[in-house]
Amino acid sequence: MTLQADQQTPVAKPSQLARMRDSDLWHSFVTHRGAVVGACLLVFLIVTAFAAPLIAPQNVYDSAELQLMNARIPPIWQEGGRWPFVLGTDIQGRDVLSGILYGSRTSILIAVFAVVFSLAIGVIVGLAAGFFGGIIDNVLMRFADVLLSIPTILLAILASAVAMGMLPPEWRALGAAGVIVFAITLSNWVQYARIVRAQTSVERRKEYVEAARLLRVSPRRIMLRHILPNTMTPVLVAATLSFGMAILAEATLSFLGVGMPASLPSLGTLIRIGNNYLFSGQWWIVLFPVLQLSLLVVSINLVGDWLRDALNPKLR
Amino acid sequence: MLAFLIKRIGSAILVMLAVAFLAFLIFAVAGDPVEMMVNEQATQADRDALRERLGLDQPFLVQYFTFVINAAQGEFGISYQTQRDVMSLIASRLPATLELVFIASMLSLIVGIPLGVITAIHRGKWFSEGLQFLSIFGVSLPSFVIAILLILVFSVWLGWAPGFGRGETVALGWWTTGLLTPSGRNAIILPAIALALYEITLVMRIVRAEMLEVLRSDFVKFARARGVPRRIIHYRHALRNCLMPVATLTAMNFGTLIAFALVTETVFQWPGMGLLFIQAVLNLDFPIMAAYLVIISAIFVTLNTLVDIIYAVIDPRLRQEKV
């Protein structure tokens, strides 16, 4: 009885692609220069990062390929630079370009997992708190308050350091990625929970929810199929922007030395390594990872900025 | 009003108790401190004696209670690494951090407010759109990236300002300041800019948004119609109406800046609390980590509570709605 509405298929449904092309969102995207540039750049960076094993001159995880005779080679346009080390090499003979490509892949993967996990936890907690209210709401939101009263960077560093300390030493290199995902998730889920909770507690008082209740739709189904879709717009914007924040958080943790180890470098690790040679003249070891990280985050934020304005009904 | 005060302060204390619990948990999950403090030859009796002296033979809740009582009195135990009192270690590093954060806050206001006003007044012109675009970089780039770029350009390539350390300092009682010596003033320039840049863009964006709103209001139109000079309309009448959110932001973000200073301090080897904390993290020096967490959160919570209370004083409607 309750499922009829869902099972009816509308007549003459336009194809998904055509619907997308005619939508307001697509139109505002193609007319927004920053968004187009950001999206193209972002796609390029992601594709090159994931194609690292195919296109990088060197496999940075294979220590046999690192040769000390190739150490400290400057970029190719400088005197002493040579093929294939286009952006030069670091102190151990690691190709900077290859390091950047593999490092970006690590950074992006960690950020994606961190955002997905914090999104999942945040949405579940926020929905539960907003929908049931009362004591569940109180307990969950007090807990969120406590986490919010610690600066996120501090929370992530502590979580990462303590979790890393609990790992047995032989697991540290591989477990590091998981630890960072955990640390970023811990400091990140609260914002989603708050957004979803605020939205849910507004939505649950609306008539369509009461109607669904009268039809004896189960609370779980009301939450997931009726309320959740209506809370997704602000969450989507926050997720895009916090994807950039997650990349920065990972880079900061690795830069500070509580993140990825030198054997499995992320962009932050590369910057930490390069930072040691800042004053000794090998500027390329640090500058290129820094530029790559900046490009990555700026391109994400360009898309996020556009999305925030495009989905804001007040600005239409 | 009194009820509001009690409620607000009460909830701040509850939050701090919970933070203290988290800090206390660091010890619990971190392993046995006795094993870290004794040397190899220590007998079982030595270990038991130390355990008793540290109060580790007590039940969990009693230990937590002792931790809170001690923390409230500024007593955080002894550093594993240096065997020195944690609180005096942190106190000796506090002035460096506070000076850096204070200068950065000032910088964000001095630079951010005029930029916000200019981009709002000249909306649509190339330089204001350019500034607006640049501000995306300000919020996108992490402070350590900015710090590294600043060091590379101004310290390594141009040699204008030093890229590490705090320069010479002068002691004023227990407070040491670098602001009174030329080398100290030189040394603070780059770290302060690196720390302030994010805040500058925030201030600029807020002032711009607020100004755009105020400039549309009736009293500005009326002032224009009356022939009040534009400069006075913009800077005396309109800007004043934008300063409240800026003041809130600056106060609330002071705590965040102190926490974020730890990244800047690491890059510049600035001898503040943050550098102490990072070194403690890398050396697994748990008493310092716990103390830093409690102190930073206390500053954070105090500022937020103060802002809430001040708001409630200004706007009585909030006394009912909040909490």
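Select Gly159(B), just after helix H7 of chain B: this residue takes a positive phi of about 70°. The model is predicted, so local features need pLDDT of at least 70 and side-chain atom pairs count only at pLDDT 80 or more, while totals for chains, interfaces and linings use all residues. Residues are numbered from 1 along each chain as its sequence is written, and chains are lettered from A in the order in which they are written.

Next, select residues 143-157 of chain B, which form H7(B). Helices here are DSSP runs (H or I, at least four residues), numbered from the N terminus. Because the expected span is 21 Å at 1.5 Å a residue, the 20 Å between the end C-alpha atoms of H7(B) agrees; that span is 1.5 Å times one less than the number of residues.

Move to Ile151(B), where H7(B) bends by about 30°, the angle between axes fitted to the seven residues ending there and the seven starting there. Ile151(B) is also buried, as are others in H7(B), including Phe144(B) and Leu150(B). Buried means that 20 or more other C-beta atoms, placed from the backbone, lie within 10 Å of the residue's own.

What do the buried residues of H7(B) pack against? Show H11, H12 and H13 of chain A, together with H8 and H11 of chain B.

Now show both chains: 36 residues of chain A are in contact with 35 of chain B, counting C-beta atoms, placed from the backbone, within 7 Å. H13(A) gives the most to the chain A side, with 10 residues.

Key:
Helices (H or I, at least four residues) and strands (E, at least two) are DSSP runs, numbered from the N terminus. A residue is buried if 20 or more other C-beta atoms lie within 10 Å of its own, exposed if 12 or fewer, and partly exposed in between; C-beta atoms are placed from the backbone. Two residues are in contact if their C-beta atoms, placed from the backbone, lie within 7 Å.
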